[in-house]
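Dear colleague,

Please find the structure below, followed by a summary of what was found in it.

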Amino acid sequence: MKCGTVGIVGRPNTGKSSLLNRILGQKLSIVSARPQTTRHLVTGILTRPDCQYIFVDAPGQQARSKSIFQRALNRRATEAGRDADVVLFVMEAQRFAPDDRMALDRIPEGQKVIAVVNKIDTVKKESQVIPLLERVARERSFHAIVPISARTGRNLPELLKVIREALPEGPAVYPAEQLTDRDERFFAAELLREKLFEQMGEELPYRCEVVIDSFKDEGTPQRPFRRIEATILVERDSQKAIVVGSGGEKLKHMATAARKDMEKLFGGKVYLGTWVKVRKSWTDDARVLKQLGYD
Ligand SMILES: Nc1nc2c(ncn2[C@@H]2O[C@H](COP(=O)(O)OP(=O)(O)O)[C@@H](O)[C@H]2O)c(=O)[nH]1
Ligand SMILES: [Mg+2]
């Protein structure tokens, strides 16, 4: 038996969260077309008869970290690369740019790193990526370089095999059926935050944070029912108006979509109450960030 942690790192938007979700066959980490959707270290556990993989999906490393908040996200990504038994460095099939190199450089020397070249479904012929693979091979001494597609699932069995080889021997740490070490409260916040990314304009989602004020299990095993109260924090009154929408329509729409996803993930009915509150410049307020768990 093998068992160990697998850190997933790389610059924003290369498909790290998509890869984790695809491997687990479940939407665990939120995904969006915009960079910097992921803010937390999301653990996803895959147990096979001969191996337990403990994946840790990290926020993307950003070169220009302007706010205290962004620097905290970068630290989390660095942590994921440093503390794992094996690191997946995820990049795109079409490019290896300075921000990719920066993310790669943050992985400490001596770490076992597998270069994962994602999105090979975007090239016409797979042989087209060979020059890039050769170039990447010169960047660092990788344990392996594996081209994949998180979208189609191409080469994922091979990737899992390569990861297994690199993991240490040892018994499973988690029960075989456990999917994550995060609790339902965490996923409730993430699912609502995902709707902000999906349905708000370009900049706004980066100014928002979701806090779960209360999470109560009020059902029975036969009829599960969860009562959840959530607050969306924004930085300014004008942003609050946009999130709420005219007549509260926008907020209602997002809350409904989030509630449906929660019901799917948790299995059972959910009541979701949502509020929007202004916390001036929370992305640059060390005290608020600490309260939110970014330290
Ligand atoms: N064509 C293609 N798109 C992908 C693939 N993997 C991820 N994406 C897209 O790339 C974007 C960023 O994905 P996400 O998983 O959030 O990236 P992250 O920031 O690295 O976690 C999303 O729009 C995904 O749908 C892939 O294998 N092929
Ligand atoms: Mg992500």
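**Cores and sheet**

The largest nonpolar core (buried Ala, Val, Leu, Ile, Met, Phe, Trp, Tyr and Cys residues joined through side-chain atoms within 4.5 Å; buried means under 20% relative accessible area with a 1.4 Å probe, protein chains only) has 55 residues, and F55, L88 and V243 have the most contacts inside it. Helix α6 (residues 184-199) gives the most to this core, with seven residues; helices (H or I, at least four residues) and strands (E, at least two) are DSSP runs, numbered from the N terminus. A second, separate core of 25 residues includes A93, A103, V129 and L133.

This is a predicted model: local features need pLDDT of at least 70, side-chain atom pairs count only at pLDDT 80 or more, and totals for chains, interfaces and linings use all residues. Residues are numbered from 1 along each chain as its sequence is written, chains are lettered from A and ligands numbered from 1 in the order in which they are written, and side-chain values use heavy atoms, with hydrogens and water left out.

Beyond its neighbours within four places in sequence, L88 is in contact (heavy atoms within 4.5 Å) with residues including V6, F55, V116 and I163.

Six strands form an open sheet of mixed pairing, in the order β2-β3-β1-β4-β5-β6; two strands pair if DSSP finds at least two bridges between them. Because β2 (42-48) and β6 (144-147) stand at the edges with a single partner strand each, one side of each is left without a neighbour in the sheet. Strand β5 (residues 113-118) runs parallel to β6 and is joined to it by four bridges; V116 has V146 in β6 as its bridge partner.

Yours sincerely

Notes: Buried means under 20% relative accessible area, exposed over 50%, partly exposed in between (1.4 Å probe, protein chains only).
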